[in-house]
Amino acid sequence: MTSGVDKWFKIAVNIKYLDISTVLQIGQSFRWVYNGETNEYISSINLDHDKTFDIVKLKQDDKFMYYTSVNNNNNKQLLHTWVRSYFLLDIDRKQLFEHWKIKDPKHFSNLSHIEPLCSSCCILQQDPWETLLSFICSSNNNISRITKMCHTLTELAGDEIPNCDQLSPLYTFPNSGQIIKVLTESILRENGFGYRAKYIIETAKKIVDLKLKDGMMELSDSQYLKWKISGSPYLEAREFALAFSGVGPKVADCFLLMGMGYHDVVPVDVHVNRIAQRDYKITSGSSNNKKTQIAKLKLEYTKYPTTRRKINFDLDLIRLFFRDLWGAYSGWAQAIFFAKEVGSTSGIVDGSVSKRKLLIKTEDDNSAVTKRIKVK
DNA sequence: CAGGTC
DNA sequence: ACTGG
């Protein structure tokens, strides 16, 4: 049943620069449910990082994004603040493009390739704790299963949220205390988490222990992570993140970029690695120059034991290459190339009909063909 | 084989 | 190593 009484608020956003159907489905957030009949997205959101969740709905037309909350008080001010910070609307996307066109003209000047992807040029500022767990689930995994696992996590250990117009119930994203209280490694394995089951339990345990040790038990997990990390230089923040089980350099960087606001971080996964080698001719070999760079990094990382243990220096050099090339918002630039590279499928759940495939249109999209040839 | 990690 | 598409 659809209530039809939702009071929607709106905010001016040109769909050309932020298309939520792209951004919410590209594989950085995993818990938005799309309703194909109403063209709305719905999720449970921890609006101000305290203990209460709102059920938030979003939709968009050419000029506006619309938002509402169907439970609690539909607090306009709270929602408005959250929308602005979640989509980082104060960041001038146009200006970023102008900067990248200057710094990397070869790959940014031809806007006929890039323009259709502007809308995917957005890094969401997500809930830190949820981001950490989501990307622990992401390792060696596909987006549709990651999505499923994130939802399963809420069903197994979150609280059901009373709400009026959803057929299937929605749950809060579980905090560390809930996870160690109601979940075990074997329960998670039985529910399809595979070897990541252990990482999730251990990470939840570690957060509980850290909060206890720091005397910060009253903080939510996300508040604690912010208190602990915010303002730290990247290397220290990464060292802290890498200490969690199941968190390697790639997951740590996703957490820092999308959960902690380190916008200059380029997480190096297989796709970014391929882009680096194919389009930017980053050699995978071992030139003298490269050896020198790695030696320099090793020296720099002596202060960071966990980093030294877990880092892959070749991939770390790729991260630094892109950071130096694209600058303070290099993580955002990476999102564009990531979308161009893989942007054909998403595992987002369609709450009303069936799964929906996301297609990103490019001028010369041979990528689908190219991929098939490569596979064969 | 999938946005890696142990 | 898990596991589903």
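Start with DNA strand B and select helix α13 (249-259), since α13 gives the most to the surface near this strand, with four residues. Here "near" means that one heavy atom of a residue lies within 4 Å of the molecule or strand, and helices (H or I, at least four residues) and strands (E, at least two) are DSSP runs, numbered from the N terminus. You are looking at a predicted model, in which local features need pLDDT of at least 70 and side-chain atom pairs count only at pLDDT 80 or more, while totals for chains, interfaces and linings use all residues. Residues are numbered from 1 along each chain as its sequence is written, chains are lettered from A and ligands numbered from 1 in the order in which they are written, and side-chain values use heavy atoms, with hydrogens and water left out.

**Stop 1: around DNA strand B**

Widen the selection to everything around the strand. There are 26 residues here, and the closest are Y195, V251, D269, K310 and F338. By class they divide into twelve nonpolar, eleven polar and three charged; Ala, Val, Leu, Ile, Met, Phe, Trp, Tyr, Cys and Pro count as nonpolar, Asp, Glu, Lys and Arg as charged, and the others, Gly among them, as polar. Of the strand B atoms within 4 Å of the protein, 56% belong to sugar or phosphate and the rest to bases.

Now show side chains and look for polar contacts (pairs of N or O atoms within 3.5 Å; within protein, one must be able to donate a hydrogen and the other to accept it, and residues adjacent in sequence count only if both atoms are side-chain atoms).

- Y195: a polar side-chain atom lies 2.6 Å from a base nitrogen of DNA strand B.
- Y199: a side-chain N or O atom is 3.5 Å from a sugar or linking oxygen of DNA strand B.
- D269: a polar side-chain atom lies 2.7 Å from a base nitrogen of DNA strand B.

To see which elements give two or more residues to this surface, colour α13 (249-259), α14 (270-279) and α18 (330-342).

**Stop 2: around DNA strand C**

Next, select N140, N142, R145, K148, R189, G194, Y195 and R196, the residues around DNA strand C. Their classes are one nonpolar, three polar and four charged. Sugar or phosphate accounts for 48% of the strand C atoms within 4 Å of the protein, and bases for the rest.

Three arginines are worth a zoom. A polar side-chain atom of R145 lies 2.8 Å from a base oxygen of DNA strand C, and one of R196 lies 2.9 Å from a base oxygen of this strand. For R189, the partner is a phosphate oxygen of DNA strand C, at 3.1 Å.

**Stop 3: helix α3**

Move to residues 93-103, which form α3; its buried residues are R93, L96, F97 and W100. Seen down the axis, these fall within an arc of 100°, so they line one face of the helix. The arc is that of the directions from the helix axis to the C-beta atoms. Buried means under 20% relative accessible area, exposed over 50%, and partly exposed in between (1.4 Å probe, protein chains only). On the other side of α3, K94, Q95 and I102 are exposed. At the start of the helix, find D92: one of its side-chain oxygens reaches to within 3.1 Å of the backbone nitrogen of K94.

**Stop 4: aromatic rings**

Select F97 and W100 again, then add F108, Y280, F321, F322, W326 and F337: ring pairs link these residues into a cluster. Rings of Phe, Tyr and Trp (its six-membered ring) pair if their centres lie within 6.5 Å; planes under 30 degrees apart count as stacked, over 60 as edge-to-face and the rest as tilted. The count comes to 25 aromatic pairs. For a close look, pick Y86 and F87, whose ring centres are 5.1 Å apart with planes at 85°, so the pair is edge-to-face. F240 and F244 also form an edge-to-face pair, 5.5 Å centre to centre and 85° between the planes. Both F240 and F244 are buried.

**Stop 5: two loop residues**

Which residue in the loop between β5 (64-69) and α2 (76-86) should you select? Choose N74, which has a positive phi of about 50° although it is not a glycine. N74 is buried, with a relative accessible area of 15%. Finish at K281, in the loop between α14 and α15 (288-300). Its phi is also positive, near 50°, but K281 is exposed, with a relative accessible area of 62%.
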